[in-house]
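Student: Could we go through this one label by label? I'd like each word tested against its cut-off.

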Amino acid sequence: MKKMRIVVALGGNALGKNLPEQYIAVKETAKAIADLIECGHEVIITHGNGPQVGMIDSAMSLYARQDSLQSKTPLSMCVAMSQAYIGYDMQNALRREMRERSIVSPVSTVLTQVRVDRNDEAFQNPSKPIGKFMSKEEADFASKKYGHIFIEDSAKGYRRVVPSPKPQEIIELAVIRSLVEDGNVVVCCGGGGIPVYANGEHLRGVSAVIDKDYASALLAKELDADMFVILTAVEKVAINYREENEQYLDSITAMQAKEYMNQGFFQKGSMYEKVDACTQFVESKKGRVALITELNKAKDGLLGLTGTRIER
């Protein structure tokens, strides 16, 4: 197998929904990542943070209510906190797994800021779910008390949504590149990155959560990765999902992917962003390949045995 530089974006199923679940989940995640490193690939890891950042935001809001001297913690700061504690668990689990396989490679977590456009239309249309599902009563209370916006999932309840602007620039890119070239396995761009905007020569945090798949695709392009892999809860992408004529996709071109997106085959807030991010990466340079598959199928996906591959 050709040795490649691979950016791996981990979905929520790789992290669990709370601290005990995360501690268990990252052990299995580390095995999937170590499989790729064991094959000689350079691996850069990104991850989501939807449940985690919501948990932190709720905890800090509760603290502010209990202590009059404590101001409300900005959402950008909550993203930074989530990067740190997810990275802490991830790098320790991965270091342990690699040592058991006699793989010698440092693991580093980089707190990563990602610049967004302050005028992005996403700020007028919050759509990114964070935190836990709530009852209607809980959602109504939070909406009136804090001005939070909620969407309803008829099967699960109500969930808060925040703006999700498109990533424009990865601020710590040079640091990440240097670590990778020095042989480190790097965990970065957690939760899509800490959202910031340029204010003159300075950066300011903004209340938003960047989609981790778009941020990861940008990272993969900027690092000149050979492959962009999204590990999620399904083995393959499907059209007509959960319908009688459901069809799983083994390999598609970027043009076919865009046609499927335009025809509405992929749900926004779920598979649409994954396919769109992969397509953007593939079209950015000849020879680049993207893969979407299940976490425990990562190695098989790279071998072409499963998953959905997107190529030019």
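**Labels against cut-offs**

Student: Why is Glu169 called partly exposed?
Tutor: Its relative accessibility is 35%. Buried is under 20% relative accessible area, exposed is over 50%, and partly exposed is in between (1.4 Å probe, protein chains only). So 35% lands in the middle class. Arg115, at 26%, is partly exposed too.

Student: What am I looking at, before we go on?
Tutor: It's a predicted model, where local features need pLDDT of at least 70 and side-chain atom pairs count only at pLDDT 80 or more, while totals for chains, interfaces and linings use all residues. Residues are numbered from 1 along each chain as its sequence is written, and side-chain values use heavy atoms, leaving out hydrogens and water.

Student: How do you know that Arg115 and Glu169 form a salt bridge?
Tutor: A salt bridge needs a side-chain nitrogen of Lys or Arg within 4 Å of a carboxyl oxygen of Asp or Glu. Here the closest N and O atoms are 2.9 Å apart, so the pair passes. The pair links distant parts of the chain, with Arg115 in strand E4 (residues 113–116) and Glu169 in strand E8 (residues 167–170), 54 residues apart. By the way, helices (H or I, at least four residues) and strands (E, at least two) are DSSP runs, numbered from the N terminus.

Student: How many salt bridges does the structure hold?
Tutor: There are 16. Another one joins Arg101 and Glu38, at 2.9 Å from N to O. Arg101 sits in the loop between helix H3 (75–100) and strand E3 (107–109), and Glu38 in helix H1 (residues 19–38), 63 residues apart.

Student: What makes Lys285 and Asp224 a salt bridge that ties together separate parts?
Tutor: Their closest N and O atoms are 3.0 Å apart, so the cut-off is met. Lys285 lies in the loop between H8 and strand E16 (289–294), and Asp224 in the loop between H6 and strand E12 (227–232), so the tie spans 61 residues in sequence. As for networks, salt bridges that share partners join Asp35, Glu38, Glu97 and Arg101 into one.

Student: Is Asp211 buried or exposed, and how do you know?
Tutor: Buried, because its relative accessibility is 9%, which is under the cut-off for that word. Asp211 lies in the loop between strand E11 (202–205) and helix H6 (212–222).

Student: What makes its reach to Asp213 a polar contact?
Tutor: The Asp211 side chain comes to 2.9 Å from the backbone nitrogen of Asp213, and to 3.2 Å from that of Tyr214. A polar contact is a pair of N or O atoms within 3.5 Å; within protein, one must be able to donate a hydrogen and the other to accept it, and residues adjacent in sequence count only if both atoms are side-chain atoms. Both distances fall within the limit, so both qualify.

Student: Which residues does Asp211 touch beyond its sequence neighbours?
Tutor: Leaving aside residues up to four places away, Asp211 touches Lys128, Ser164, Gly192 and Glu273. Touching means contact, that is, heavy atoms within 4.5 Å.

Student: Why do we say that E1 and E2 pair?
Tutor: Two strands pair if DSSP finds at least two bridges between them. Strand E1 (residues 5–10) and E2 have six, in the parallel sense, so they pass. Val8 stands opposite Ile45 in E2. E2 also pairs with strand E9 (residues 185–187), parallel over two bridges, which just meets the minimum.

Student: What makes E5 and E6 edge strands?
Tutor: They belong to an open antiparallel sheet of three strands, ordered E5-E7-E6. Strand E5 (128–134) and strand E6 (149–153) each have a single partner strand, so one side of each lacks a neighbour in the sheet.

Student: What makes the largest core a nonpolar core?
Tutor: The term means a set of buried Ala, Val, Leu, Ile, Met, Phe, Trp, Tyr and Cys residues joined through side-chain atoms within 4.5 Å. This one has 47 residues, and those with the most contacts inside it are Ile176, Leu219, Phe228, Phe266 and Val275. Helix H8 (residues 271–283) supplies its largest share, seven residues. Apart from it lies another core of 45 residues, including Leu75 and Val162.
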